[in-house]
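Q: Can you walk me through this one? I'd like the DNA contacts, then the sheet, then a couple of buried residues.

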Protein chains: 2
Amino acid sequence: MTYAKALDCLADPTRRKVLERLRAGPRPVGEIARGMSVSRPAVSQHLKALKNAGLVTDRAAGTQRVYSIDPQGLAPLRAWLDQFWDEALSAFQQEVARDARHRKDPKP
Amino acid sequence: MTYAKALDCLADPTRRKVLERLRAGPRPVGEIARGMSVSRPAVSQHLKALKNAGLVTDRAAGTQRVYSIDPQGLAPLRAWLDQFWDEALSAFQQEVARDARHRKDPKP
DNA sequence: ACTTACCGTAAGCCATGACTTACGCAAAAG
DNA sequence: CTTTTGCGTAAGTCATGGCTTACGGTAAGT
């Protein structure tokens, strides 16, 4: 059920932007917030949410905190999506087959 | 940018439940809503959101509307997540390497 | 020791959205 | 033609959560 928390986090655009800034590598909070349309405390709150969802990790470096993406945090969501995609696809194909049968025999 | 709408939809638990009920195959609205903790109009609204995000398709069948999962709708989200996962992983490995170097040379 | 830099948290405001009830419309049933 | 079934939509209520300002706390610099 841990994919749910990941989805809750990734639903917010600002949070996605924060995460995408971390894609290039670890960053301290101030550098993440620089040039963004929200305040630094807002970024801190988003980072807290991301950390709680297991999507990022943090580490102290002097007076500043460096955040990194946790690749393992994305794994459950990937797994859920994959399973979902496979099952939906097979069900979809079954439906196509059923539809083809109905096309041959339109009025039972 | 179409993955954003998918994430917005999947953030809602009720919407996920609706989508998971469709995993077993196409269903009319009433059958989807049956046994759920929200009213049928609520399910209709969620289905509208899911359709707008391209995650489901609908088709008329008499007085009832049958909804199905659209596998293609999940593809963009999968692609975005994959790319994200790959880049984050490589950056993570780079960070591990950098950390190892720092461990060898702790005080520059 | 004092100041400065960097960050997390608290309190409060406000917009978004999820839900309900009530209503209207189309297709099947009678 | 009338009734019933199945569904979408409108209006209104209420909770959730994202943002800001203000504050406190720790580590480095001087």
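A: A definition to begin with: a polar contact is a pair of N or O atoms within 3.5 Å; within protein, one must be able to donate a hydrogen and the other to accept it, and residues adjacent in sequence count only if both atoms are side-chain atoms. The model is predicted, so local features need pLDDT of at least 70 and side-chain atom pairs count only at pLDDT 80 or more, while totals for chains, interfaces and linings use all residues. Residues are numbered from 1 along each chain as its sequence is written, chains are lettered from A and ligands numbered from 1 in the order in which they are written, and side-chain values use heavy atoms, with hydrogens and water left out.

Q: Which base atom of DNA strand D does Arg40(B) meet?
A: A base oxygen, 3.2 Å from an N or O atom in the Arg40(B) side chain.

Q: And what does His46(A) meet on DNA strand D?
A: A phosphate oxygen, with a polar side-chain atom of His46(A) 2.2 Å away. Thr63(B) has a polar side-chain atom 3.1 Å from a sugar or linking oxygen of DNA strand D.

Q: Which elements give two or more residues to the surface near DNA strand D?
A: From chain A, α2 and α4 (40-52); from chain B, α3 (29-33), α4 (40-52) and β3 (64-69). The largest share is from α4(B), with five residues. Helices here are DSSP runs of H or I with at least four residues, strands are runs of E with at least two, and both are numbered from the N terminus.

Q: How many residues surround DNA strand D?
A: 24, the closest being Ser39(A), His46(A), Gly30(B), Ser44(B) and Tyr67(B). Sugar and phosphate make up 67% of the strand D atoms that come within 4 Å of the protein. A residue is near a molecule or strand if one of its heavy atoms lies within 4 Å of it.

Q: Now DNA strand C. Which residues come nearest?
A: Gly30(A), Ser44(A), Tyr67(A), Ser39(B) and His46(B), out of 24 around DNA strand C. For strand C, the sugar and phosphate share of the atoms within 4 Å of the protein is 66%.

Q: Which atom of DNA strand C does Gln45(B) reach?
A: A base oxygen, 3.1 Å from a polar side-chain atom of Gln45(B). Phosphate oxygens of DNA strand C are met too: one is 2.7 Å from an N or O atom in the Ser39(B) side chain, and one is 3.1 Å from a polar backbone atom of Val29(A).

Q: Which helix gives the most to the surface near DNA strand C?
A: α4(A), with five residues.

Q: Switching to the sheet. What is the strand order in chain A?
A: β1-β3-β2, an open sheet of three strands with antiparallel pairing. β1 (27-28) and β2 (56-61) stand at the edges with a single partner strand each, so one side of each has no neighbour in the sheet. Two strands pair if DSSP finds at least two bridges between them.

Q: How many bridges join β2(A) to β3(A)?
A: Six. One of the pairs is Ala60(A) with Arg65(A). β1(A) pairs with β3 (residues 64-69) over two bridges: Arg27(A) is opposite Tyr67(A), and Pro28(A) is opposite Val66(A).

Q: What lies between β2(A) and β3(A)?
A: Two residues, in a hairpin; Gly62(A) in the turn has a positive phi of about 70°.

Q: Buried residues next. Where is Arg15(A)?
A: In helix α2 (residues 13-21) of chain A. Arg15(A) is buried (under 20% relative accessible area, 1.4 Å probe, protein chains only; exposed is over 50%, partly exposed in between).

Q: What is the nearest side chain of opposite charge to Arg15(A)?
A: Asp12(A), 4.5 Å away, and Arg15(A) has no salt bridge. A salt bridge is a side-chain nitrogen of Lys or Arg within 4 Å of a carboxyl oxygen of Asp or Glu. Lys and Arg count as positive, Asp and Glu as negative; His and the chain ends are not counted. The backbone oxygen of Asp8(A) is 3.4 Å from a polar atom of the Arg15(A) side chain.

Q: Is Leu7(B) buried or exposed?
A: Leu7(B) is buried, at 0% relative accessibility. Its helix is α1 (residues 3-10) of chain B. Six of the eight residues of α1(B) are buried, so the helix is largely enclosed by the rest of the structure.
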